[in-house]
Amino acid sequence: GKNGYQFFSEAMNESLSSRLALERELRKALSADELEIHYQPVVAASSGRITGVEALVRWRHPVRGLLEPDAFLPIALETGLLPQLDRRVQRQALKDLARWRTAGNAELRLAVNVSAHQLELEQFVPQLLADVAEAGLYPADVKLEITENLMLRDIDMVVPKLRALRAAGVRIAIDDFGTGYSSLAWLSRLPVDAVKLDQTYVQQMDEDERCARLVKGFVRVFQDMGLQVVAEGIENISQ
């Protein structure tokens, strides 16, 4: 343009080339079943028993090894692959839960994450319920975890779908509570059954008495509201 100049940066070209390569590899990974699910246990504090599992996706890359979600989910989001990836993980997790149930773990429940792009799909609710039924499970066996920011991103669109799922028996949880709006006023209006405290609070409890009191306060308030409370990142008896 007029009175302007630009310099070419090789780093920009390398970044773009790397991104395009990763996109191609991710598309191949979806068709070649290179994605795998790792399960994090949900343990009842009162009994120490495992009552459920949370499904977490990983990519077993043929060259780079095991990749964490941060390495490929942004690409999946940018390229429109995220809803497909989400459903792939959810369907496999449902099958795994059904298999564990058959093996005698009747009390296990499954928690899965849902993205904004998947939730915005018109057929999301009937599709999810159909996947649950196909796996031989009941809606009450499943808990959807949704971040605060997603819950409030388009509340007029999100809430009716969550209410429909909840009416069918699916449980709804707010994930990473304390990292977004963290509004108790909003929480009282949303169709949720559980709240997950972000691990940032949990990991500071041993060193920060104020943080420990805050967590205890959250737990009391949520329980008084009839909500289940899950704390992320517990690693020792004190926590």
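Is Asp33 buried or exposed? Asp33 is exposed, as its relative accessible area comes to 60%. Keep that residue in mind while looking through the close-ups below, which all come from a predicted model.

**View 1. Asp33 reaches Arg88 in a salt bridge.** Here the closest N and O atoms of the two residues sit 3.3 Å apart. Asp33 belongs to the loop between helix H1 (10-32) and S1, while Arg88 is in helix H3 (residues 82-102), so this pair ties together parts that are 55 residues apart in sequence. Arg88 counts as partly exposed, at 31% relative accessibility. The contact is one of 17 salt bridges that turn up in a search of the whole structure.

**View 2. Strands S1 and S2 make an antiparallel pair.** S1 covers residues 35-43 and S2 covers residues 50-61, with nine bridges between them. To find your way around, look for Ile37, which stands opposite Val57 in S2. Then follow the hairpin round: six residues lie between the strands, and Gly48 takes a positive phi near 80°.

**View 3. Arg58 and Glu68 meet through their side chains.** This is another salt bridge, at 3.4 Å from N to O. Arg58 is in strand S2 and Glu68 is in the loop between strand S3 (65-67) and helix H2 (73-78), so to speak a link between distant parts of the chain, ten residues apart. What about their surroundings? Arg58 counts as buried at 12% relative accessibility, whereas Glu68 is partly exposed, with a relative accessible area of 45%.

**View 4. Arg91 pairs up with Asp131.** The closest N and O atoms of this salt bridge are 2.8 Å apart. Arg91 lies in helix H3 and Asp131 in helix H5 (residues 124-134), so the contact ties together parts that are 40 residues apart in sequence. Arg91 is partly exposed at 26% relative accessibility, but Asp131 is buried, with a relative accessible area of 7%. Elsewhere, salt bridges with shared partners join Glu54, Glu145, Asp175, Lys196 and Glu232 into one network.

**View 5. The second largest pocket holds about 180 Å³ of space.** Several residues from the earlier views are back again: the lining includes Asp33, Ile37, Val57, Arg88 and Arg91. Also in the lining are Ala29, Leu30, Leu35, Glu36, Val89, Gln92 and Lys95. Which elements give two or more residues to this lining? They are H1, S1 and H3, and H3 provides the largest share, with five residues. By type, the lining divides into six nonpolar residues, one polar and five charged.

**View 6. Helix H7 runs through residues 155-168.** With 14 residues, H7 reaches 20 Å from its first C-alpha to its last, close to the 20 Å expected at 1.5 Å a residue. Which residues of H7 are buried? They are Val158, Val159, Lys161, Leu162 and Leu165. Just after the helix comes Gly169, whose phi is positive, near 120°.

Note on methods:
Residues are numbered from 1 along each chain as its sequence is written. This is a predicted model: local features need pLDDT of at least 70, side-chain atom pairs count only at pLDDT 80 or more; totals for chains, interfaces and linings use all residues. Side-chain values use heavy atoms; hydrogens and water are left out. Two strands pair if DSSP finds at least two bridges between them. Helices (H or I, at least four residues) and strands (E, at least two) are DSSP runs, numbered from the N terminus. The expected span of a helix is 1.5 Å times one less than its number of residues. Buried means under 20% relative accessible area, exposed over 50%, partly exposed in between (1.4 Å probe, protein chains only). A salt bridge is a side-chain nitrogen of Lys or Arg within 4 Å of a carboxyl oxygen of Asp or Glu. On a 1 Å grid over the protein atoms alone, a cavity is a set of points where a 1.4 Å probe fits but cannot get out, and a pocket is an open set with protein on both sides within 12 Å along at least five of seven lines; lining residues have an atom within 4 Å of a point. Grid points are joined across faces, edges and corners, and a volume is the space filled by probe spheres set on the points. Ala, Val, Leu, Ile, Met, Phe, Trp, Tyr, Cys and Pro count as nonpolar, Asp, Glu, Lys and Arg as charged, and the others, Gly among them, as polar.
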